[in-house]
Amino acid sequence: MRSKNETGFRDALQVVLLLACLFAGVSPAAEPQAVLPVRVEYHQATDVFNVLDNLSDWLPGYTASAYGEYWEAHLGLDDADRAALAAYAAFRRRTAPAARAAPPDSAAAPDLFAPPLTRDVDAFAQPFLEASDFGTAATIAIAVQAPQDRAMLRAYYARFGPRAVRLAAAQSHFDVQRVALASQLAHPGVPVLAERIRAFYGVGAAPAFTARFVWWPDSNRTQAKVRGRTILLQGPADGAGGDTPMDWAPIVLHEYAHYVSAGQPPAQRRRLSAAFLQGCAKAAALSNPLNAFEEPLAIYWGQYRFEHDVRGRRLPTGDEWYFKPIPDRIAKAIAAAFPSTGLAPSLDDPALMSAATATCLQEL
């Protein structure tokens, strides 16, 4: 009888063997035959770190308040806990690349595409993506910090770490979804779509990815985050959403599109952002301007084209494709202009820009 760890290793090994490099040895005219190189797994160190890194919500949008809200409601927070959270948040805001990125120049037109930072790896988080367990990862991550930060981080993880480990052990059950997602990504249509996404943005070959399931306390929605070459899948555990596994494959392709988009040449990003704003200047006033163009394009490729190109089905326009209405409707306008039964647009296609900006004007 195999242990759970042996079974998990065997499954992961099978996935790795299947996931050959997408772009190696492919001529420009050839359709890639290998599957999209994504290793699908659960990793305890990443899961526990994700909980503790989000707990203070130190950079809203990058982090999620749902973790702290759950912790306070179910585990409680006292004054000492709050002081520790504040100290950790200050450390991350001071040292994390995502927080230290220069604020956009208010006089400059916003960039409507995923920032290049999307492709960068947070050096503090990196050990939690690579080490075999949370304790080892924490030791590695803390050791390279300044002395005053080392003391704070040791105290932080001593205070919250054991509870986060127990929480992950109780809540993080993703075996069914992990196997289902690996099977979905093994479909021969996936690498073909991935190559089309790469060609659409005009960037070089993307690296192999790891998709990791992590605990998520919000039962009303799911989300995914790109963290360098790791895609975090935040959603219900096995059985929490019913007997049918969560359909994660389109979301992985959606996040893949963001990663690819982030690699666009600066001149291309500036030119296309300026062209969009010329057609819909109101997009610059959005709290997140990426919802005007970046997000609709990822929806179009990751959900709409995925449904047709991989599964041979049409994505119903009456369904909600995305939880925010503006990118949802702009994506549907792009799909109406470039239906999945026909050729996809090029990024420079005037009809693409026209469809997106016209709907932007209607929505804003």
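Start by selecting Phe-124: in this predicted model, its relative accessibility is 6%, so the residue counts as buried. Keep Phe-124 on screen and add Phe-91, which is buried too, with a relative accessible area of 1%.

Now look at how these two rings meet. The ring centres of Phe-91 and Phe-124 are 5.2 Å apart and the planes stand at 75 degrees; because angles over 60 count as edge-to-face, the pair gets that label. The contact joins distant parts of the chain, 33 residues apart: Phe-91 belongs to helix 4 (residues 79-95), while Phe-124 is in the loop between helix 5 (97-100) and helix 6.

Next, widen the selection. Phe-91 and Phe-124 are members of a cluster linked by ring pairs, together with Phe-49, Trp-71, Tyr-88, Phe-128, Phe-134, Tyr-156, Tyr-157 and Phe-160. Across the structure there are 29 aromatic pairs.

From that cluster, pick out Phe-49 and Phe-128. Their ring centres lie 4.3 Å apart with planes at 15 degrees, so this pair is stacked. Phe-49 sits in helix 2 (residues 44-54) and Phe-128 in helix 6 (residues 126-130), with their positions 79 residues apart in the chain. Are these rings buried or exposed? Phe-49 has 7% relative accessibility and so counts as buried; Phe-128, at 0%, is buried as well.

For the last two stops, turn to charges over rings. Select Arg-221 and Phe-323: the arginine lies over the face of Phe-323, 5.6 Å from the ring centre. Then select Lys-332 and Trp-321, where the charged end of the lysine sits over the Trp-321 ring at 5.5 Å from its centre.

Conventions: Residues numbered from 1 in each chain as written. Predicted model: local features only at pLDDT ≥ 70, side-chain atom pairs only at ≥ 80, totals over all residues. Heavy atoms only, no water. Phe/Tyr/Trp six-rings, centres within 6.5 Å; stacked < 30°, edge-to-face > 60°. Helix = DSSP H or I, 4+ residues; strand = E, 2+ residues; numbered from the N terminus. Buried < 20%, exposed > 50% of the residue type's maximum accessible area, 1.4 Å probe, protein only. Lys NZ or Arg CZ within 6 Å of the ring centre and 35° of its normal.
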